[in-house]
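I opened the notebook to look up how the chains meet and where the charged side chains pair. The entries follow in the order in which I looked.

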Number of protein chains: 2
Amino acid sequence: MGLTKSFNFDDKQNQLAAYAKALAHPARIAIIQQIITHKTCIVGSLTDVLPLSQSTISQHLKELKNSGIIKGEIEGPSICYCIHNENWKIAREMLDNLFVQIDQRCGQ
Amino acid sequence: MGLTKSFNFDDKQNQLAAYAKALAHPARIAIIQQIITHKTCIVGSLTDVLPLSQSTISQHLKELKNSGIIKGEIEGPSICYCIHNENWKIAREMLDNLFVQIDQRCGQ
DNA sequence: TTAATTTATCGTAATATTGCAATCTAACAA
DNA sequence: TTGTTAGATTGCAATATTACGATAAATTAA
């Protein structure tokens, strides 16, 4: 199948899984790290830094954008990608919540 | 292709992506939540709680186990799954690290 | 032993993901 | 206008994931 039965799960479970999925590829981690280190978010340099083709990188950027983790704005001839702070905060809270609950109930 | 070029990325990027991938399905989030709420970790009840077949659930458990997030021990006739605390801590630290860096450099 | 219970694995089918080359589009420069 | 540059999109191929039923394996109960 390959088709996730997402309707069987509640919104939070689906949302958290979606954020995790966005992070579930080393190239997307690398992209986020690039955004971090460059502070400002011009990302034309990604094609120089990542060992992937331009079209593949563009696809990964699209997935990060669709998940809500990053956002892109046209900036002259190029595009400026940066972290979507509001959504990122939500993702962090959801993950933190899981970690805290586990610490409380399952921590040794 | 569908084949991640993981050799192109460093160990930490691959490891973090692997942890994220383990969390990248609502059923696996739900399984972890069940482990949390049941405190102790008998998970035979998963087939009653999740809207998925026993074999599918077993597959998701296997993925969580392979990622290192949970571990399973034989306990009489059934199997006791619980959080793998050491690995979970590593996953949390890696994720926290990313979040903190973003807060520091990209936070508004 | 036989039967029941619990979980894993196998086989299969459908959909998703990853990746690249090629092409398209939009904006700027000459 | 024409050319250039930056990215996105399309089309394709290969692999991965998700899901289920059926079956296998291991343990306990009778």
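Entry one, the interface. I counted four residue pairs in polar contact between chain A and chain B, both residues at pLDDT 80 or more. A polar contact here is a pair of N or O atoms within 3.5 Å; within protein, one must be able to donate a hydrogen and the other to accept it, and residues adjacent in sequence count only if both atoms are side-chain atoms. I then looked up which helices form the side of chain A that touches chain B: helix H1 (11-22), helix H2 (26-38) and H5 of chain A each supply at least two residues. Helices are DSSP runs of H or I with at least four residues, strands are runs of E with at least two, and both are numbered from the N terminus. H5(A) gives the largest share of that side, 15 residues. By class, the side of chain A that touches chain B has 25 nonpolar, eleven polar and eight charged residues. Ala, Val, Leu, Ile, Met, Phe, Trp, Tyr, Cys and Pro count as nonpolar, Asp, Glu, Lys and Arg as charged, and the others, Gly among them, as polar.

Note on the source. The model is predicted: I accept local features at pLDDT of at least 70 and side-chain atom pairs only at pLDDT 80 or more, while totals for chains, interfaces and linings use all residues. Residues are numbered from 1 along each chain as its sequence is written, chains are lettered from A and ligands numbered from 1 in the order in which they are written, and side-chain values use heavy atoms, with hydrogens and water left out.

Entry two, extent. I find 44 residues of chain A in contact (heavy atoms within 4.5 Å) with 44 residues of chain B. The two chains bury about 4300 Å² between them, 69% of it on carbon and sulfur atoms; this is the accessible area (1.4 Å probe) lost on being put together, summed over both.

Entry three, symmetry. A turn of 180° and a shift of 0.0 Å along the axis lay chain A on chain B with an RMSD of 0.0 Å. This is the relation of a two-fold axis. The superposition is by least squares on C-alpha atoms of residues with pLDDT of at least 70 in both copies. Ala20(A) is the residue of chain A that comes closest to the rotation axis, its C-alpha at 2.5 Å. Of the interface residues of chain A, 100% are also interface residues in chain B, so the copies meet through the same surface.

Entry four, salt bridges. I searched the whole structure and found six over all chains, a salt bridge being a side-chain nitrogen of Lys or Arg within 4 Å of a carboxyl oxygen of Asp or Glu. Two are counted between chain A and chain B. Which residue pairs with Asp103(B)? Arg92(A) does, with the closest N and O atoms 2.7 Å apart. Each partner lies in helix H5 (residues 85-106) of its chain, so the pair joins two chains. Arg92(A), Asp96(A) and Asp103(B) are linked in a network of salt bridges.

Within chain B, I noted Glu63(B) with Arg28(B), closest N and O atoms 3.5 Å apart. Glu63(B) is in helix H4 (residues 54-67) and Arg28(B) in helix H2 (residues 26-37), 35 residues apart.
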